Amino acid sequence: MTAQDLKQVAQEHGLSNEEFQKILEILDRDPNLLELGIFSVMWSEHCSYKSSKIHLKTLPTEGPQVIQGPGENAGVVDIGDGWAIAFKMESHNHPSFIEPFQGAATGVGGILRDVFTMGARPIANLNSLRFGEVKHPKTSYLVNGVVEGIAFYGNCMGIPTVGGECFFDASFNGNILVNAMTVGLVAKDKIFKGLAEGVGNPVIYVGSKTGRDGIHGATMASDEFDDSSEEKRPTVQVGDPFTEKLLLEACLELMQEDYLVGIQDMGAAGLTSSSFEMASRSGSGIEMNLSAVPMRETGMTPYEIMLSESQERMLMVAKKGYEEKVLEIFKKWDLDAVVVGQVTDDGWMRLKWEGETVAELPIAPLVDAAPEYDRPCKEPENLLSNWEMNVDQLNFSSDYSTVLKDLIGSPNLSRRRWIYRQYDHMIMTNTVVMPGSDAAVLRLKELKQGIAVTSDCNSRYCYLDPYLGAQHAVAEASLNLACSGAKALALTDCLNFGNPEKPEIMWQFREAVKGMGEACRQLEIPVVSGNVSLYNETKGDAIFPTPTVGMVGLITDIQNYGSTAFKQSGDAIFLLGEAEAQLDASEYLAWVQKKTCGRPPQLDLAMLASINNFLLKAWENQLIRSSHDISEGGLAIALSECCLLSLEQKLGAHIIFEENTDIQSITKILFGEATPRVLVSCAPQDISSLQELARAQGIPITRLGSVIEENLKIDPWIDLPVAELFNIWDAGFEKHLKSK
Amino acid sequence: MGDYTVMKIGIVVFPGSNCDRDTYESLTQQLGAQAIYLWHKNHDLQDCEAIILPGGFSYGDYLRCGAIAHLAPIMQEVISFAKKGGPVLGICNGFQILTESQLLPGVLLPNAELKFICDQIWVRIENDQTPFTKQIKQGSTLKMPIAHRDGNYFIQAEELKRIEGEGQVVFRYCNQEGQSSEKDNPNGSLNQIAGVCNIKRNVVGLMPHPERACEKLLGSDEGKQLFESLLG
């Protein structure tokens, strides 16, 4: 290749001129095609975090409960008694838009592997989904494909999918978000890491054979979409959950023995990133014979082998002398397992093919010298004008019952049963609180403790104010856990944004990370793992910035778990918190008035922390029977949900407000949003203890009314049979999806 | 309550089985029974006195559900054990394997709405003469979860008439009050059939998961009655 040709090829691999020069400097010679391919995937945005690293460093990652922070396959937190929880959330946005079923399925497969490589048995999956507006011609197809793909993979693996969220907005018309999260349980003394230590130790390849699928998947995920994106379908991998189930069982069986040094999933950038990352973490080198790699197709080249993203594969380093023992376990499970190389101590990656050395790269410079950009940031020009709300131009209806019915059946607030009914959410017999509540609650067999898990982000808030919006995401997740009787331990983040080369997008990113960091510090919730997905843009239109938060909380005694639904007629209903509701940035404004504007509500994090503590005490002492945070849709929606989730019981509520004639302020009371606010119910005999506890903790508490049978009455404005509301809520999702 | 540790129960593990552990844990921890795993490649039933084929996706079920599993080495032994009258229970994928093995009549087609369904449902006990229902009153209802994509029970019309006549229908989907109508049919099964037995009554298959309904904390402990019937 001439110098000009080489430069051209580098460009086609997505490497900038500057990056190409850096490669020449590192090697002190021209790279061959294979080496260029390796540089391009290792330095892709997806693998190198080159635009985001500088900001991610500012997030708090430590705490006494943290066993493993960011940088490994998953974060790990201590839950006591020798046990720990490993968890992580990851995006699979680009592939899922191109091929929703396989894109979403392999997203689940990837995050599961990240967790079980740590030695943890996965016990729960969650997913956070964003789609375009329901009327968009592609939305129904994408929702169907994504949900079926997640179901296909998770159900076959036998891991329950217990929670998540699904949000529709036109900003996702050209780029959907599929963020998958896995939570695993691991014994503290059996945690494994992605290490390649010990000179001469064998490097072992296990799992599916390598095919040509997914080559340059990581590069695809580091670019915007245009009209030709559909042609990228071949870069989407195909999932085989059956093989992964075997891989899971075989790996966990192997991990019971003392044969392993390190293990890593072959995810994005496959064999390249797994081998480089393992050696880099240990400061060692690796020599691999690519001819030994099990191949699905004939005629594959070293370039294709190193860049393939075939699924269900792992790379491991075993203790020398135990190769046969390791291979035996995989043979029992009918899986391919081959020694493909060995650990060296010179810091180089040497790849051989049919006896010849085909690539020779220094590991540390390639990993550590990966580009890091402090990209320019600029506040979007429409930020301040978006905060203006011309209330006078809006038409407010005084038929509040109709507005409530419209909202409770809307795409964003209707029941998600259509989704979670397709997910096996009860397998493994741990699910105590099923999907649909504020958070899912799992018991842990043979432990007194339980955990609650949730994922949250209000993308609209983040668009209108990324700093505040990201704070709301952390705040709401922690509140959802507290409403389940759980204390937040740590979070994983999945940061979905547009093209970071645009200053306005980079500004959104910087502000969101800043806001998230601040909320984490104030609430003492460290970030232990995460993922960044940039370039979520189509033809220049970016998505609403969406820093999704996945959070895990500890319930000290599973018997004291909390849930959303009202439990008994005659119980008293209270409101905790006194933040003033506003219509700005609300779901009401977006769905009823079709307006995305206003500034998201301000957030008193100190008060939120106090309310979280109060809820924990109230559940521990069994003073309350339900708790539910008031979020999208405001008080009327939250009250409805407490009634609706009582399901067959069909409990209602009776609330009385003072007479008011101003339609706009009534609308604000009913549908306005503010955080932190929580609805709790308690038995009549516990009213005074509850009020006393609130006073002692400095929590504003207001009696709103009582739980009754059959009707939701918000006097003097709303009176509806819960059964009627139930039908609208229950059918809403599917109705919107099917309407054209 | 008898001594539940007397009977040894074998749980077959196929590659892709994923309810094997749930079944084992429910039997041993919730009922105090004695259970062991039986590996699909083996031929030895290890003196088990009852066999359970658990739920899951045996061999991935990329072909017809249960079609490959019924050819596994262990199945030869399970089939001859069943033919000798030994009690065999197939749950979900296990039920599909039993119909593929022709130990039970009928087939399980994809659900009518062509989607995986996970839900809490009720079934009515139609036959209390099997080893797994002998302590449950006929006509009573049990609340149990279902979780399957292929649970739509189908059988030729004359065969349907025959198995109904012979009392081979053991479980029927119903509402909470025990009334069974098309409204309470989650998957399109003929006559709302959720589970059947063979003529000799010793082989039973059902789509719902009794092993997931053994504790009130998880929503129901009514599935326990199947295992209590076997052990009692």
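This is a short walk through the chain A–chain B interface, two sheets of chain A, and a few local details. Keep in mind as we go that this is a predicted model.

Okay, the interface. On the chain B side, 30 residues are in contact with 38 residues of chain A. Putting the two together buries about 2800 Å², and carbon and sulfur atoms give 56% of that. How many salt bridges are there between chain B and chain A? The count is eight. One to look up on your screen is A:Arg421 with B:Glu113, where the closest N and O atoms are 2.7 Å apart. There are also 16 residue pairs in polar contact across the interface of chain B and chain A, both residues being at pLDDT 80 or more.

Which elements of chain B supply the touching side? Helix H1 (20–30), strand S6 (117–125) and strand S7 (141–148) of chain B each put in at least two residues. By class, the side of chain B that touches chain A has 13 nonpolar, seven polar and 10 charged residues.

Moving into chain A, let's take the seven-stranded sheet. It's an open sheet with mixed pairing, and the order is S8-S10-S7-S11-S9-S12-S13. At the edges you'll find strand S8 (260–265) and strand S13 (356–362) of chain A, each pairing on one side only. From one strand to the next, the twist averages 20°.

Inside that sheet, have a look at strand S9 (residues 285–289) and strand S11 (residues 336–344) of chain A: they run antiparallel and are joined by four bridges. If you want one position to anchor on, A:Ile286 has A:Val343 in S11(A) as its bridge partner. Now, what lies across these strands? Helix H11 (residues 270–282) of chain A lies across S8, S9, strand S10 (313–318), strand S12 (348–353) and S13 of chain A. Helix H11 of chain A runs at about 30° to S10(A).

The other sheet I want to show is also in chain A. It's an open sheet of six strands, again with mixed pairing, in the order S14-S15-S16-S21-S17-S18. The edges here are strand S14 (431–433) and strand S18 (527–533) of chain A; each has a single partner strand, so one side of each is left without a neighbour in the sheet. On average, neighbouring strands of this sheet are turned by 25° against each other, ignoring direction.

At the S14 edge, S14(A) pairs with strand S15 (residues 440–443) of chain A in the antiparallel sense, over two bridges. Here A:Val433 has A:Val441 in S15(A) as its bridge partner. Helix H20 (residues 503–523) of chain A packs on this sheet and touches strand S17 (487–496), S18 and strand S21 (546–555) of chain A. The direction of helix H20 makes about 175° with that of S17(A).

Next, a helix pair. Helix H16 (residues 400–408) and helix H26 (residues 722–738) of chain A have axes that come within 8 Å and cross at roughly 35°. Who makes the contact? From H16(A) you get A:Leu404, A:Lys405 and A:Ile408, and from H26(A) A:Glu724, A:Leu725, A:Ile728 and A:Trp729. That works out by class to five nonpolar, no polar and two charged residues.

Back to salt bridges for a moment. Over all chains, the structure holds 47. One of them is A:Lys332 with A:Glu253, with the closest N and O atoms 3.1 Å apart. A:Lys332 lies in helix H13 (residues 323–332) of chain A and A:Glu253 in helix H10 (residues 241–255) of chain A, so this pair ties together parts that are 79 residues apart in sequence.

Last bit: some backbone oddities. Most residues other than glycine have a negative phi, and most peptide bonds are trans. With that in mind, A:Thr675 and A:Pro676 are joined by a cis peptide bond, with omega about 0°. A:Pro676 sits in the loop between helix H24 (663–671) and strand S25 (678–682) of chain A. The peptide bond from A:Asp715 to A:Pro716 is cis too, with omega near 0°. You'll find A:Pro716 in the loop between strand S27 (711–715) and strand S28 (718–721) of chain A. And A:Tyr49 has a positive phi, near 55°; look for A:Tyr49 in the loop between helix H4 (45–48) and helix H5 (53–56) of chain A.

Key. Residues are numbered from 1 along each chain as its sequence is written. Chains are lettered from A and ligands numbered from 1 in the order in which they are written. This is a predicted model: local features need pLDDT of at least 70, side-chain atom pairs count only at pLDDT 80 or more; totals for chains, interfaces and linings use all residues. Side-chain values use heavy atoms; hydrogens and water are left out. Contact means heavy atoms within 4.5 Å. Buried area is the accessible area (1.4 Å probe) that two parts lose on being put together, summed over both. A salt bridge is a side-chain nitrogen of Lys or Arg within 4 Å of a carboxyl oxygen of Asp or Glu. A polar contact is a pair of N or O atoms within 3.5 Å; within protein, one must be able to donate a hydrogen and the other to accept it, and residues adjacent in sequence count only if both atoms are side-chain atoms. Ala, Val, Leu, Ile, Met, Phe, Trp, Tyr, Cys and Pro count as nonpolar, Asp, Glu, Lys and Arg as charged, and the others, Gly among them, as polar. Two strands pair if DSSP finds at least two bridges between them. Axes are lines fitted to C-alpha atoms, for helices over the stretch in contact, and angles run from 0 to 180 degrees between N-to-C directions.
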